[in-house]
Number of protein chains: 2
Amino acid sequence: MRAALGIDFGTESARAVLVDCADGTELGESVYAYANGVVDAHLPAPDDDVELEPHWALQDPDDYVRSLQTAVPRLLAETGVAAEDVVGVGVDFTSCTMLPTLADGTPLCRLDDLRREPHAWVKLWKHHAAQPEADRINAVAAERGEAWLPRYGGKISSEWFFAKALQILDEAPEVYARAERLIEACDWTVWQLTGVETRSACAAGYKAMWSKREGFPPSAYFADLDPRFAHVVDERMSRTLLPPGARAGGLCERAAEWTGLRAGTPVAVANVDFHASVPATTVTEPGTLVMIMGTSNGHLLLGEQLAFVEGMCGVVEDGILPGYYGYEAGQSGLGDVYAWFVRMVGGSHEALGAEAARLRPGESGLLALDWWNGNRSVLVDADLRGLLVGMTLATTAPEIYRALVESTAFGTRVIVEAFERAGLAVDGIVACGGMPDRNPFLMQVFSDVTGREIAVAGSRQAPALGAAMWGAVAGGEFESIGDAAKAMAHLSDAAYAPDPANRDVYDRLYAEYVRLHDLFGRGGDDVMRTLKRIQLGP
Amino acid sequence: MRAALGIDFGTESARAVLVDCADGTELGESVYAYANGVVDAHLPAPDDDVELEPHWALQDPDDYVRSLQTAVPRLLAETGVAAEDVVGVGVDFTSCTMLPTLADGTPLCRLDDLRREPHAWVKLWKHHAAQPEADRINAVAAERGEAWLPRYGGKISSEWFFAKALQILDEAPEVYARAERLIEACDWTVWQLTGVETRSACAAGYKAMWSKREGFPPSAYFADLDPRFAHVVDERMSRTLLPPGARAGGLCERAAEWTGLRAGTPVAVANVDFHASVPATTVTEPGTLVMIMGTSNGHLLLGEQLAFVEGMCGVVEDGILPGYYGYEAGQSGLGDVYAWFVRMVGGSHEALGAEAARLRPGESGLLALDWWNGNRSVLVDADLRGLLVGMTLATTAPEIYRALVESTAFGTRVIVEAFERAGLAVDGIVACGGMPDRNPFLMQVFSDVTGREIAVAGSRQAPALGAAMWGAVAGGEFESIGDAAKAMAHLSDAAYAPDPANRDVYDRLYAEYVRLHDLFGRGGDDVMRTLKRIQLGP
């Protein structure tokens, strides 16, 4: 038995999975639900009298440690896998989730004099309070004509690394001054595992404007944001970034004690959850789009060359797999949008989906723009809102449910067409994440609307499997991630092909979608932004 | 005691009300629910094996007779009003609701050889199967430049008299041949009461393209529709139309027996329900808009002169009150739209309304176009559909409920502004119908959005009260309907004034509404019609 361990750090919990390197069999899994969950109202006890501002979202770094201490030993015990049979460990994480620490890695929130300071804690990916900083980052970059800006669709998000770092400087300069390191939580966790600070090229490439050829933005740019920010990289980060699959180090004694693994077990450099999923779906070459379908929808694609695709989240050389440019696009609402409607009308996804599946395309006379959570690609505009048109007194809840599903599929088709316009073929799609297994109706609509065959990943835990595969590569079990994928990654039996009978109707509906998409999304009619302004008040 | 009797014939039932002529006190009411209700699936037993086509809606004329036989004697018994104290009888009715009869008034559906023929029955106002005939009526009128067309906003509805009559000729020429009379149900009912055929100028003016100055359209026009239709007016109708308040005759012996009233009791010429409501709300002069708020919303206004107002349902000289032009506009969905949403999400109007009332205008970031049942005024387009924009994952059901209420108020403001553009002042509004009493929140939104004070009629039975008032005029109790209104019509204590604090936000939201209204309603973006075409299939 030669097994690899993958640990997927999510929003509410961490999941450890042990995988047989011979054939990818998942030997077992173990979940640790974070004791302090998402910290978005007040700090954890005993400091729960410290309330947070709106749009804040923090985590407790000790929850990551407790995940290692709890989930891993339990997994070894439950599967009966011996520590010496674990050939390598990989970690994937939400991103950008980042924290300030001392030079030795101690999180500032563990210090007695800073624990009541919200800026000393981990800023979770969905911390949305750094929009003023993101606006400044974008404005200064545009003014200076920074070369990295087009790689990110012309605009970076308030969720990203330097927006969050700059918010610490803006709002809590004393915390910023004490922060000897500013680091992605994925890299911090690998640091705890190995005792050595290493940093992931994937996280830095997608969230910190780093590229293999050009490095980070220049100090002069950071100085234009704030003179005190000029040397943020050299003083608080690192210019050494390791690509996916590189060995970050061996498991340190302390982490061996936490986990029950052997000291010295190889640990891979950290990875971002979406990106770790790609090889776990069997995709290791260009031409196949990976869709990670959960509350939101991530679209990842490999390319041979650098192309500027409209509205990408980012393109990073070696960001997903070595040797390729990794493209990331996305829809900021997918399962979230359907869940909103189910909450609104009651009932269940299953019941609404079953009734929706019986309708013919176009039968409802409805059309939606799927922007309940803004538009991440290709418009890159968080201010956009949802739209639904075509209701009559006879319109039913399953009809609206179906229109919402169709609208997200139309949104994906817009992204697929943006890739193809830039010369990046999308010949097929592989889906993973929480939605595909449970929703054949959803998958058929996506296949019909995009006109692509859609395969479904065999693993329900694609990020953790991907992390384990990278752990196996770091442990020398495979020469390359391609070899690891051949052995360990599989597709499920479920596969969807476009129904030619639906093609014409969906082409007609899509033409309407695109016209409204462009009208409301590209400035032709500004009602959504105007409504937001009115909403925010005078 | 001097009392007047009003009988309101509705869609599902008839309601008789006795009113004290001295002060308008409603002495009692009595409702008869039609035994055969709305006939829209199959004919009544024993002919219930005869199925109806989609969009058909019939009634049984014997239900009108049973109403007279049941509701009126019960009302007299329950109130203790003596027959000799009833000074007059008035009738109001849904319209256009029409039927074919023999020369003596016998409905064709009572004839043994025709009772299984659907075209022999009463076509109810919401019989929507005559659209091909309405299309022909409009096309031929436009081609010939018929002078009456602009009085009806350029387009007549499939609900109206000649569309229904022409459908009989088209689809059942043998029934048409047997129809010695084609008559509004309101006029037929007055005929049953008096034994004399008289016809209402109100119904003819609003539903049969008649006007006091020009009469009916010329025979040449009818001949262009169908040569057999050339003399429909002279052969099957009447050119003698009586204005509201005229005396149709005295109660005949047979009707006296049915009702328990005295033979010879004066009976007023029939009226249409919306139009009968106007004096019952105290409005007998120009300047005050009457809103009849139920499942739909009717807007009635008096004017000194003939003006062409965009998208009116109709303008008829003496059509509402003698001496004035009566203008009618409307919104085809009001309570129906709110009820659709309540059905969709569960809960109640009361609970959703209470939560919606606590929101500030604009707080939800939502905006709707209220066309769930098409647009009756000012766009006159039944193909238009509903639209809702601005949803986020945080949008709640009360927010949508409020947006729907606001959208109907915006729709009313469009109508108010169309009146004012044509030179017809709308200085204030009086509301009646099913909604105002129960929904202070709704009324406040309408007042804020229109910027008008809104009074509420004192009677919950405005049509029946209006019918009784016309009965009192016909009975000589008052010289004019103005005098009757002074004595018998009252406002309730409820009154609403625009809140100046909301004015700016509503002006901004209304500007957005108007832009989307014009974009989707005037051909700028044709998505609603396109979706309907896709829905109907190839």
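This report describes cavities, a sheet with its neighbouring helix, a covered helix and one proline in a predicted model.

Local features are given only where pLDDT is at least 70 and side-chain atom pairs only at pLDDT 80 or more, whereas totals for chains, interfaces and linings use all residues. Residues are numbered from 1 along each chain as its sequence is written, chains are lettered from A in the order in which they are written, and side-chain values use heavy atoms, with hydrogens and water left out.

**Cavities**

The structure holds six cavities of 30 Å³ or more, a cavity being a set of points on a 1 Å grid over the protein atoms alone where a 1.4 Å probe fits but cannot get out. The largest has a volume of about 140 Å³, the volume being the space filled by probe spheres set on the points. Of the 18 residues that line this largest cavity, those closest to its centre are Leu388(A), Ile400(A), Phe341(B), Leu388(B) and Ile400(B), where lining residues have an atom within 4 Å of a point. By class, the lining has 18 nonpolar, no polar and no charged residues. The elements in the table each supply at least two residues of that lining; helices (H or I, at least four residues) and strands (E, at least two) are DSSP runs numbered from the N terminus.

| Element | Residues in chain A | Residues in chain B |
|---|---|---|
| α11 | 335-345 | 335-345 |
| β17 | 386-391 | 386-391 |
| α13 | 397-421 | 397-421 |

**Sheet of chain B**

Seven strands of chain B form an open sheet of mixed pairing, in the order β14-β15-β13-β12-β18-β19-β20, two strands being paired if DSSP finds at least two bridges between them. Because β14 (314-317) and β20 (491-496) of chain B stand at the edges with a single partner strand each, one side of each is left without a neighbour in the sheet. β14(B) pairs with β15 (residues 325-331) of chain B in the antiparallel sense over four bridges, and Val315(B) has Tyr327(B) as its bridge partner in β15(B).

**Helix α3 of chain B**

Helix α3 (residues 161-171) of chain B is mostly covered, with nine of its eleven residues buried, that is, under 20% relative accessible area with a 1.4 Å probe and protein chains only. Among the buried residues of α3(B) are Phe161(B), Lys164(B) and Gln167(B).

**Pro398 of chain A**

Pro398(A) is found in helix α13 of chain A and is buried, with a relative accessible area of 11%. Leaving aside its neighbours within four places in sequence, Pro398(A) is in contact (heavy atoms within 4.5 Å) with Leu352(A), Glu355(A), Ala356(A) and Leu359(A).

Definitions and conventions:
On a 1 Å grid over the protein atoms alone, a cavity is a set of points where a 1.4 Å probe fits but cannot get out, and a pocket is an open set with protein on both sides within 12 Å along at least five of seven lines; lining residues have an atom within 4 Å of a point. Ala, Val, Leu, Ile, Met, Phe, Trp, Tyr, Cys and Pro count as nonpolar, Asp, Glu, Lys and Arg as charged, and the others, Gly among them, as polar. Buried means under 20% relative accessible area, exposed over 50%, partly exposed in between (1.4 Å probe, protein chains only).
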